[in-house]
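I opened the notebook with a handful of places to look up, and I am jotting things down as I go. Follow along with the viewer open if you like.

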Amino acid sequence: QVHLVESGGGKVQTGGSLRLSCTASGFTSDYYAIGWFRAAPGKDREGVSCISSSDTKTYYSDSVKGRFTISRDNAKNTVYLQMNSLKREDTGVYFCAAVLDVPPTSYDCSVDIMNDGFGSWGPGTQVTVSS
């Protein structure tokens, strides 16, 4: 059974940075994708970024493009989300989730972001950005 755990959340001032980690276990395939999502009161859940385990393709929502960077360390089964130039509107609970058994090549994780294809959700980590 796939198990995901997020860490790295906290409180930061506007303009600051945080790095979130998503550590996974239980994968039975080498080919999977990890996505980062966030939820804030009064807002729909937003797919922020994603990356696959075998490809360099990444996805960023328009709201974070240029400020957030997703990366992976397959040896550690960990995906990171480096968040820079944080804004108050970045406040929320950040979750990571997985898509399993993705194609080893030519896979675009943004399709699963858009089509709600991610599962195996972690419990989330709170990010609070204040001025």
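**Entry 1: tyrosine 80.** First, the cut-off I need: a residue counts as buried when its relative accessible area is under 20%, and as exposed when that area is over 50%. I should also note that this is a predicted model. Is tyrosine 80 buried or exposed? I found a relative accessibility of 13% for tyrosine 80, so this residue counts as buried.

Next I asked where tyrosine 80 sits, and the answer is strand E8, residues 78-83. Which residues does tyrosine 80 touch, leaving out those up to four places away in sequence? My list reads Arg19, Leu20, Ser21, Trp36, Thr69, Ile70, Ser71 and Asp73. I also checked serine 7, which is 73 residues from tyrosine 80 along the chain; their C-alpha atoms are 9.6 Å apart.

**Entry 2: the sheet around E8.** I traced an open sheet of four strands, and its order is E1-E3-E8-E7 with antiparallel pairing. Strand E1 (3-7) and strand E7 (68-73) are the edge strands, each pairing on one side only. From one strand to the next, the twist averages 15°.

A general reminder to myself: strands in a sheet pair through hydrogen bonds of the backbone, in a parallel or an antiparallel way. For E7 and E8, I counted six bridges in the antiparallel sense. One pair I looked up there is aspartate 73 with threonine 78, its bridge partner in E8.

**Entry 3: the other sheet.** I then moved on to an open sheet of six strands, ordered E2-E10-E9-E4-E5-E6, where the pairing is mixed. Strand E2 (10-13) and strand E6 (58-60) are at the edges with a single partner strand each, so each has one side without a neighbour in the sheet. Here the twist averages 25° from one strand to the next.

**Entry 4: strand E4.** Why is E4 described as largely enclosed by the rest of the structure? Because seven of its eight residues are buried.

I went through its partners in turn. E4 pairs with strand E9 (residues 92-100) in the antiparallel sense, over eight bridges. Within that pairing, phenylalanine 37 has phenylalanine 95 of E9 as its bridge partner, and alanine 39 stands opposite valine 93 of E9. With E5, E4 pairs in the antiparallel sense over six bridges, and isoleucine 34 has isoleucine 51 as its bridge partner in E5. E4 and E5 also form a hairpin with six residues between them. In the turn I noted glycine 42, with a positive phi of about 80°.

**Entry 5: the cavity.** How many cavities of 30 Å³ or more are there? I get one. The largest cavity holds about 40 Å³ of space.

Its lining consists of Tyr32, Ala33, Ile34, Ile51, Ser52, Ser53, Arg72, Asn74 and Val79. Two elements give two or more residues to this lining: strand E4 (32-39) and strand E5 (46-52). E4 gives the most, with three residues. I sorted the lining of the largest cavity by type as well, and the split is five nonpolar, three polar and one charged.

Looking back over the entries, isoleucine 34 and isoleucine 51 turn up twice: they are bridge partners across E4 and E5, and they are also among the residues lining the largest cavity.

Definitions and conventions. Residues are numbered from 1 along each chain as its sequence is written. This is a predicted model: local features need pLDDT of at least 70, side-chain atom pairs count only at pLDDT 80 or more; totals for chains, interfaces and linings use all residues. Side-chain values use heavy atoms; hydrogens and water are left out. Buried means under 20% relative accessible area, exposed over 50%, partly exposed in between (1.4 Å probe, protein chains only). Contact means heavy atoms within 4.5 Å. Two strands pair if DSSP finds at least two bridges between them. Axes are lines fitted to C-alpha atoms, for helices over the stretch in contact, and angles run from 0 to 180 degrees between N-to-C directions. On a 1 Å grid over the protein atoms alone, a cavity is a set of points where a 1.4 Å probe fits but cannot get out, and a pocket is an open set with protein on both sides within 12 Å along at least five of seven lines; lining residues have an atom within 4 Å of a point. Grid points are joined across faces, edges and corners, and a volume is the space filled by probe spheres set on the points. Ala, Val, Leu, Ile, Met, Phe, Trp, Tyr, Cys and Pro count as nonpolar, Asp, Glu, Lys and Arg as charged, and the others, Gly among them, as polar.
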